[in-house]
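Here are some notes for a first look at this entry. Please read them with the sequence and the model side by side.

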Amino acid sequence: MESIRRYTRTTGIIMAVMMLLISTPYQSALASLINTETVLAESQSQEARDYLKQFMAREDVRSALIAHGIDPLEAEARISSLSDSEVIELADQIENLPAGQGALGLVIAVLVIIVLVLVIMKLK
């Protein structure tokens with residue numbers, strides 16, 4: 001009879017500990033559906049990163065960067081540190097600009113700034 005009481009006492013203690021463990025508060029898992037836009041944005045950003053890596057691997061692009069005093073490895077590091085939206089925007093700009101057209105706008109903007117500086121300097 002004594003062995004049965006020891007056995008039930010041990011079993012009772014184990015059961016009490018298990019009940020306490022089960023009844024303690026726990027963090028429930030939070031799950032939700034993923035939007036289609038989120039999945040598409042991730043795939044677009046990966047495609048844009050791949051496009052920029054291929055673009056930077058071209059020899060003419062590397063030589064143009066070196067001609068402007070930019071280290072191609074540093075440029076690649078900066079591109080890899082961009083956020084997803086910035087990478088997509090940069091890839092879109094590169095794809096949409098025809099060759100040489102972006103330089104015309106830059107030249108006009110620099111000329112306007114130089115004229116404004118000269119006008120301001122003459123007024124003083």
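**Notes on salt bridges and the core**

1. R78 counts as exposed, at 55% relative accessibility. The model is a predicted one, and the points below should be read with that in mind.

2. R78 pairs with E74 in a salt bridge whose closest N and O atoms are 3.0 Å apart. Both residues belong to helix 4 and sit four residues apart, about one turn of the helix. E74 is partly exposed, with a relative accessible area of 39%.

3. Helix 4 also takes part in a link to helix 3: R62 lies in helix 3 and E76 in helix 4, so their pairing ties together parts that are 14 residues apart in sequence. The N to O distance in this salt bridge is 2.5 Å. R62 is partly exposed at 22% relative accessibility, and E76 is partly exposed at 28%.

4. A further salt bridge joins R58 and D60, with the closest N and O atoms 2.9 Å apart. R58 has a relative accessible area of 40% and D60 one of 44%; each is partly exposed. The count of salt bridges comes to four.

5. The largest nonpolar core has nine residues: A48, L52, M56, V61, L65, A75, I79, V87 and A91. Helix 2 (36-57), helix 3 (59-67), helix 4 (72-80) and helix 5 (84-96) each supply at least two of them. Helix 2 gives the most, with three residues.

6. Which residues does V87 contact, leaving aside its neighbours within four places in sequence? They are S45, A48, R49, L52, I79 and L82. Of these, A48, L52 and I79 belong to the largest nonpolar core, as does V87.

Definitions and conventions:
Residues are numbered from 1 along each chain as its sequence is written. This is a predicted model: local features need pLDDT of at least 70, side-chain atom pairs count only at pLDDT 80 or more; totals for chains, interfaces and linings use all residues. Side-chain values use heavy atoms; hydrogens and water are left out. A nonpolar core is a set of buried Ala, Val, Leu, Ile, Met, Phe, Trp, Tyr and Cys residues joined through side-chain atoms within 4.5 Å. Buried means under 20% relative accessible area, exposed over 50%, partly exposed in between (1.4 Å probe, protein chains only). Helices (H or I, at least four residues) and strands (E, at least two) are DSSP runs, numbered from the N terminus. Contact means heavy atoms within 4.5 Å. A salt bridge is a side-chain nitrogen of Lys or Arg within 4 Å of a carboxyl oxygen of Asp or Glu.
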